[in-house]
Amino acid sequence: MSKKIKYTRRNFLSTAAMSWGAAELAMIGLGKAQFTNDENKGEVMKSKYETHTSFGPLKQINAGLLNVGYAEAGPLNGSAIILLHGWPYDIYSYIDVVPLLASAGYRVIVPYLRGYGTTRFLSDETFRNGQQSALAVDVIDLMDALKITKAVMAGFDWGARTADIIAALWPERCKAIVSVSGYLIGNQNAGKMPLLPASELQWWYQSYFATERGRSGYDKYRHDFARLIWQLASPKWNFDDATFNKTAASFDNPDHVAIVIHNYRWRLGLADGEPRYDALEKQLAEAPVITVPAITLEGDANGAPHLESSSYANKFSGKYSHRVINNGIGHNLPQEAPKAFAEAVIEADGYSK
């Protein structure tokens, strides 16, 4: 293990995933995909995956502060897996991961985060809060609503941070995690520390979001903004217009801009959170160790700033492994390398047995 990490703003921002979530199976069109699967679902799948373009009809459920939109596949009595997206992405990051996991017998849940897609706040009076602990509580509320006691959590970007937080604060609800770019839990105090100019340049959009001009600009050009981030974060991913447009539609959510802007301003200490989350944030500020089994992943062509795995390996005290996914894989790892991501989820679940 490497020596204990000091969480400066450089560490925080680098690990904050800063942009750079039988009838069920038919609904997503599994086609002819067949995969090796033993009783423990521990074997790595051998066959090639098929590409998909639709989840079919989505579901909606009231959970906590939200009416959550989500895709679901696989048997209802299957072991649960929750897949969490980030910004500026959505559930389509998992469009080819879901069939792989569902065919292996898992119940797979892919929710739109607050501010995305068909997820809506139940009350107009609720503060549009994007802080890290609020997003994690949303997932716990969703699990309660779906009567899921425990699940494997997997994600990237905001979704990886949320998976990390749930594993750290509610290990009894989390069988195992798969986290792209590793340990992403941060705190506001670290976010207030200045970086060297060259490093600040990498976070240009964060400074932009700190201004009202930036908020207005993101609101007006959110699709153009997202496309630019996709290109910068995954420079070797040749996504087409149809792929981008499916996700971009989720940014038309009426709360999207408010959630995104608050998320990034909160990280820098430029916006307050809510008192209801203060106790959770206090725990997270201590950079708690994750005790559940974990696999961390990194794409070999990730254009987003990220730490070397050796810098966060000691934040995982359970069974743990790290791997780099090669062949030009960028920040949106589940969509760029769905088979590798699904294999990691199945392997991590095997760690918990």
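Helices and strands are here runs assigned by DSSP, numbered from the N terminus. The model is predicted. In that numbering, Asp157 falls in the loop between strand 6 and helix 5 (158-169). Asp157 has a positive phi of about 55 degrees, although it is not a glycine. Most residues other than glycine have a negative phi, and most peptide bonds are trans. Asp157 has a relative accessibility of 1%, so it counts as buried.

A second residue with a positive phi is Ser181, which is not a glycine either. Its phi is near 70 degrees. Ser181 sits in the loop between strand 7 (174-180) and helix 6 (188-191). Its relative accessibility is 7%, and Ser181 therefore counts as buried. The backbone also holds a cis peptide bond, which runs from Trp87 to Pro88. Omega is near -5 degrees for this bond. Pro88 belongs to the loop between strand 3 and helix 3.

Strand 3 was examined next. Five of its five residues are buried, so strand 3 is largely enclosed by the rest of the structure. In a regular strand the side chains alternate between the two faces of the sheet. Ala80, Ile82 and Leu84 point one way from strand 3. Ile81 and Leu83 point the other way. Strand 3 pairs with two strands named here. With strand 4 (residues 107-111) the pairing is parallel and spans three bridges. Ile109 in strand 4 is the bridge partner of Ile82. With strand 6 (residues 151-155) the pairing is also parallel and spans four bridges. Here Ile81 stands opposite Val152. Strand 3, helix 3 and strand 4 together make a right-handed β-α-β unit.

The loop that follows strand 3 contains a charged residue. Asp90 lies between strand 3 (80-84) and helix 3 (97-103). Asp90 is buried, yet it has no salt bridge. The nearest side chain of opposite charge is that of Lys246, 9.6 Å away. A salt bridge requires a nitrogen and an oxygen within 4 Å. The side chain of Asp90 does have polar partners. One polar contact is with the side chain of Thr247, at 2.7 Å. Another is with the side chain of Ser250, at 3.5 Å.

Salt bridges do occur elsewhere. Side chains of opposite charge can pair when their charged atoms come close. The structure holds twelve salt bridges. One of them joins Lys175 and Asp349, with the closest N and O atoms 2.7 Å apart. This pair links distant parts of the chain. Lys175 is in strand 7 and Asp349 in helix 15 (residues 338-351), 174 residues apart. Asp349 has a relative accessibility of 0%, so it counts as buried.

Arg222 and Asp219 form another salt bridge, with 2.3 Å between the closest N and O atoms. Arg222 is buried, with a relative accessible area of 14%. Asp219, at 39%, is partly exposed. A salt bridge also joins the side chains of Arg276 and Glu274, at 3.7 Å from N to O. Arg276 counts as exposed at 51% relative accessibility, whereas Glu274 is buried at 12%. In addition, Lys59, Glu72 and Arg107 are joined into one network by salt bridges that share partners.

Aromatic side chains were considered last. A pair of aromatic rings is described by the distance of the centres and the angle of the planes. The structure holds 31 aromatic pairs. One of them, Tyr205 with Phe209, is edge-to-face. The centres are 5.8 Å apart, and the planes meet at 70 degrees. Both residues lie in helix 8 (residues 204-209). They are four residues apart, about one turn of the helix. Tyr205 and Phe209 are both buried.

Phe209 also pairs with Tyr264. This pair is tilted, with 5.7 Å centre to centre and 45 degrees between the planes. Phe209 lies in helix 8 and Tyr264 in helix 12 (residues 256-267), so the pair ties together parts that are 55 residues apart in sequence. Phe209 counts as buried at 0% relative accessibility. Tyr264 is buried too, with a relative accessible area of 1%. Tyr205, Phe209 and Tyr264 belong to one aromatic cluster. Its other members include Trp87, Trp158 and Phe251.

Key: Residues are numbered from 1 along each chain as its sequence is written. This is a predicted model: local features need pLDDT of at least 70, side-chain atom pairs count only at pLDDT 80 or more; totals for chains, interfaces and linings use all residues. Side-chain values use heavy atoms; hydrogens and water are left out. Buried means under 20% relative accessible area, exposed over 50%, partly exposed in between (1.4 Å probe, protein chains only). Lys and Arg count as positive and Asp and Glu as negative; His and the chain ends are not counted. A polar contact is a pair of N or O atoms within 3.5 Å; within protein, one must be able to donate a hydrogen and the other to accept it, and residues adjacent in sequence count only if both atoms are side-chain atoms. Two strands pair if DSSP finds at least two bridges between them. A crossover is right-handed if, with the strands pointing away from the viewer, the path from the first strand over the helix to the second runs clockwise. Rings of Phe, Tyr and Trp (its six-membered ring) pair if their centres lie within 6.5 Å; planes under 30 degrees apart count as stacked, over 60 as edge-to-face and the rest as tilted.
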